[in-house]
Amino acid sequence: MTTPRTNFIGINVSGTQARAALVDHDGSILETRVGEVVPKQLIPQLAAMVEELRSREGTVAAIGVAIPGLVNRQTDRVIAPRDLPSNSVYNLHEELTRATGLRVELENDANAAAYGEFKVGAGRGSRNLFYMMIGNGIGGAIILDGKLWTGASGLAGEVGHITINTGGLECVCGNTGCLETVASAPSIVRRARERLNRDSTSSLSRLALNKSFTADDVAHQANEGDDFALMMIERTGKYIGTGVASVINLLNIERIVLGGGVMDAGSLILNPIIHEVRRRAFQPCFEATEIVAAKLGLDAAPIGAAMLGRDAASD
Ligand SMILES: [Zn+2]
């Protein structure tokens, strides 16, 4: 007789989408479900995804949910959610536990993605790593001695709000000149647009033909050899590298994993990042650090959430 396999479910909830995965004990995805999020219906939606995945092979021991916000560790309540109304997620832990009858672990999305990369992605084999998610915002997470280190109130790793330019633009956090104000996807578009407007030579760029271009378009044009787009990506890499150099000097960490949509530009952005870190970081710190691109893409957060559920269930 064979014992049924024990699996886990990880769900990443964003402002628009829920991405759920049935994950085995080793972190491999067996099945996925993706659905649009209706904030008022969030709990029944997630419960329905769980039911569907649960009916597949094996038994499910725990659910992990990654959310764009902070989790109060004492109460398991979601505080300061981004992109989702707080009344739809505030009681998520309690309501999803009740709706599914399963153990639920909640975690911030960048932390969950970091844990996924750490367990089965680009962080594999390390004990200590710093993860950066560079997309619409810039998030980060710290794993020390194999565990997420979330700080005194859950905010550790907010690398997007490291000051890069003291005279820079105001940031959503209230500070000025944060890394996020120059290197997030919307900031890349803003910088490119400003430059197209004031520099006539850049009008040769194909980006000038498309009024509503995105950061993905900038990366795509850079890949096609467009000089202007390439310069924008390289400068973005320089900013990110400046932030990473500070992280390395602070933590002397063995691995930096860089994920999020902006890293889809591949080596075009990774090389200038590494170049800038080499230039700025304390040399022995730089030499002790591997700087690599994330491997799991959009699966990082659901896999990480599932692995957090697994590890909490075995405590
Ligand atoms: Zn900021």
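The following exercises, each with a worked solution, treat a predicted model.

Residues are numbered from 1 along each chain as its sequence is written, and side-chain values use heavy atoms, with hydrogens and water left out. In this predicted model, local features need pLDDT of at least 70 and side-chain atom pairs count only at pLDDT 80 or more, while totals for chains, interfaces and linings use all residues.

**Exercise 1. The zinc site**

Determine which atoms coordinate the zinc ion and which arrangement they form.

Solution. Step 1: identify the donors, that is, N, O and S atoms within 2.8 Å of the metal (3.2 Å for Na, K and Ca); water is not among the atoms, so sites may look incomplete. The zinc ion is coordinated by ND1 of His161 and by the SG atoms of Cys171, Cys173 and Cys178, at 2.0 to 2.3 Å.

Step 2: examine the angles. Four donors count as tetrahedral if all angles lie between 85 and 135 degrees. Around the zinc ion, the four donor atoms subtend angles of 104 to 121°, which makes the arrangement tetrahedral. For four tetrahedral donors, the ideal angle at a metal is 109.5 degrees.

Step 3: place the donors in the sequence. Their spacing is H-x9-C-x1-C-x4-C. His161 and Cys171, 10 residues apart, are both in the loop between β10 (147–149) and α5 (180–183). Here helices (H or I, at least four residues) and strands (E, at least two) are DSSP runs, numbered from the N terminus.

Step 4: compare accessibility, where buried means under 20% relative accessible area, exposed over 50%, and partly exposed in between (1.4 Å probe, protein chains only). His161 is partly exposed because its relative accessible area is 25%. Cys171, at 7%, is buried.

**Exercise 2. The five-stranded sheet**

State in which order the five strands of the open sheet stand, and which helices pack on them.

Solution. Step 1: establish the order, taking two strands as paired if DSSP finds at least two bridges between them. The order is β10-β9-β8-β11-β12, with mixed pairing.

Step 2: find the edges. β10 and β12 (290–293) each have a single partner strand, so one side of each is left without a neighbour in the sheet. On average, neighbouring strands of this sheet are turned by 25° against each other, direction ignored.

Step 3: inspect one pair. Strand β11 (residues 255–259) and β12 run parallel and are joined by four bridges. Within this pair, Val257 stands opposite Val292.

Step 4: add the helices. Contact means heavy atoms within 4.5 Å; axes are lines fitted to C-alpha atoms, for helices over the stretch in contact, and angles run from 0 to 180 degrees between N-to-C directions. Helix α4 (residues 109–120) touches β8 (129–134), β9 (138–144), β10 and β11, and its direction makes about 50° with that of β9. Helix α9 (residues 267–280) lies across β11 and β12, running at about 160° to β12.

**Exercise 3. Residues within the sheet**

Describe the surroundings of Arg255, Val292 and Ile142.

Solution. Step 1: Arg255 is in strand β11, and counts as buried because its relative accessibility is 12%. Its side chain reaches the backbone oxygen of Ala122 at 3.0 Å. Beyond four places in sequence, the residues that Arg255 touches include Phe130, Glu290 and Val292.

Step 2: Val292 lies in strand β12. Outside its neighbours within four places in sequence, Val292 is in contact with Ala122, Arg255, Ile256, Val257 and Leu258.

Step 3: Ile142 lies in strand β9, and at 8% relative accessibility counts as buried. Among the residues that Ile142 touches beyond four places in sequence are Leu129, Trp149 and Leu251.

**Exercise 4. A hairpin and positive phi values**

Identify how β2 and β3 are joined, and where positive phi values occur at Gly27, Asp76 and Asn252.

Solution. Step 1: strand β2 (residues 17–23) and strand β3 (residues 29–36) run antiparallel, joined by seven bridges. One bridge pairs Val23 with Ile29 in β3. In this hairpin, which has five residues between the strands, Gly27 takes a positive phi near 90°.

Step 2: turn to the residues other than glycine. Most residues of this kind have a negative phi. Asp76, however, has a positive phi of about 60°. Asp76 is in the loop between β5 (70–71) and β6 (78–79) and is partly exposed at 28% relative accessibility.

Step 3: Asn252 has a positive phi near 45°. Asn252 is in the loop between α8 (227–251) and β11, and is partly exposed, with a relative accessible area of 46%.

Methods:
Four donors count as tetrahedral if all angles lie between 85 and 135 degrees; four count as square planar and six as octahedral if opposite donors are over 155 degrees apart and all others between 65 and 115; anything else is irregular. A polar contact is a pair of N or O atoms within 3.5 Å; within protein, one must be able to donate a hydrogen and the other to accept it, and residues adjacent in sequence count only if both atoms are side-chain atoms.
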